[in-house]
Amino acid sequence: MINIDKLEPGIRTLVAQFIEAGRPSARQKSFEQRREEYLSSIDLAGEAVPVWNISDRVIDGLTYRIYKSSDQVNLPILIFYHGGCFVSGDLETHDRQLRQIANESQSLVIAVDYRLAPEHVYPAAHDDAFKAAQIVHANASAWGGDPDNITIAGDSAGGHLALITCLRLKAQGQWMPRRQILVYPMLDASGSSDSYKKYGDDYVITRDMLLSGFEAYLSKLSFDHPEASPLYRDDFAGLPETHILTAEFDPLVDEGEILYRRLLEAGVDAQCRRYLGVNHGFIQLGGISPAGRKAIADIASIL
């Protein structure tokens, strides 16, 4: 039973429109349509606030958008991997939120434009995310950032990539970020949690959207592979300070909160915040969502 009255007003309107349209399934759309629809929602994020300097760089085949909040040096660094279920999203879909985070945190924010499925399947996005972290670390000082104060973050599929990147860095043993921020991360390719059943059909970002993205990206990789469904790994000990943000009406809310408890059991310094009255993707809805604006401010305060 849908709890539409428990949603924030702006998100309630989006959900009502989605239901009135017949709950269109992402599986019935082409990946190009999904990408275009994502881009068409940019204005819901609010204003594109000015930032002291924004530049795009291409290094070793990957594009980075660098948001520098001031002319100071040794700034805290945020490496951010965008969401989009591994099949959509880009530097533009997350531009407005990252502008806000850069300004509010007085940080050096670096967005990574990794390869998308179905054109590029596993391990393309994972490898891009890991390579990008290494490149940022190597160039941190030259770009005005502090290589000893790096946060790795992402939302949805990007949260998955942030976690895998931290696990790969831990295994490599050369350097580690100071913290990671996982915003409603995609952690279980089988979609087996109760929240998938409760919130998987009605709240715009549906079970079909999330799982079809996993399927396109993972291709022939088993869903129980540790880099497909990292929720079930047993090597979390030694990860950096971790902040998890979840949304009340999100198919992924259970996954994020289960990960939080598993991190605590592994001795990781972890915090988890659930935002009420919102659905998956709400940090991109700051133009209509008070919780979305609060989450941006909370991420900035963590940095």
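This passage looks at a buried glutamine, a helix pair and an exposed serine in a predicted model. Local features are taken only at pLDDT of at least 70 and side-chain atom pairs only at pLDDT 80 or more, while totals for chains, interfaces and linings use all residues. Numbering starts from 1 along each chain as its sequence is written, and side-chain values use heavy atoms, leaving out hydrogens and water.

Gln284 sits in the loop between β8 (270–279) and α9 (290–302); helices (H or I, at least four residues) and strands (E, at least two) are DSSP runs, numbered from the N terminus. Gln284 counts as buried because its relative accessibility is 10%, the cut-off being under 20% relative accessible area, with exposed over 50% and partly exposed in between (1.4 Å probe, protein chains only). Once neighbours within four places in sequence are set aside, Gln284 is in contact (heavy atoms within 4.5 Å) with Tyr38, Leu44, Ala45, Thr93, His94, Gln97, Asp155 and Tyr184.

Helix α3 (residues 95–105) packs on α9 at about 45°, the axes lying 8 Å apart; axes are lines fitted to C-alpha atoms over the stretch in contact, and angles run from 0 to 180 degrees between N-to-C directions. The contact involves Gln97, Gln100, Ile101, Glu104 and Ser105 from α3, and Ile296, Ala297, Ile299 and Ala300 from α9.

Over in the loop between α4 (124–139) and β5 (145–155) is Ser141, which is exposed because its relative accessible area is 53%. Ser141 and Asn74 are 67 residues apart in sequence, yet their C-alpha atoms are 6.8 Å apart in space.
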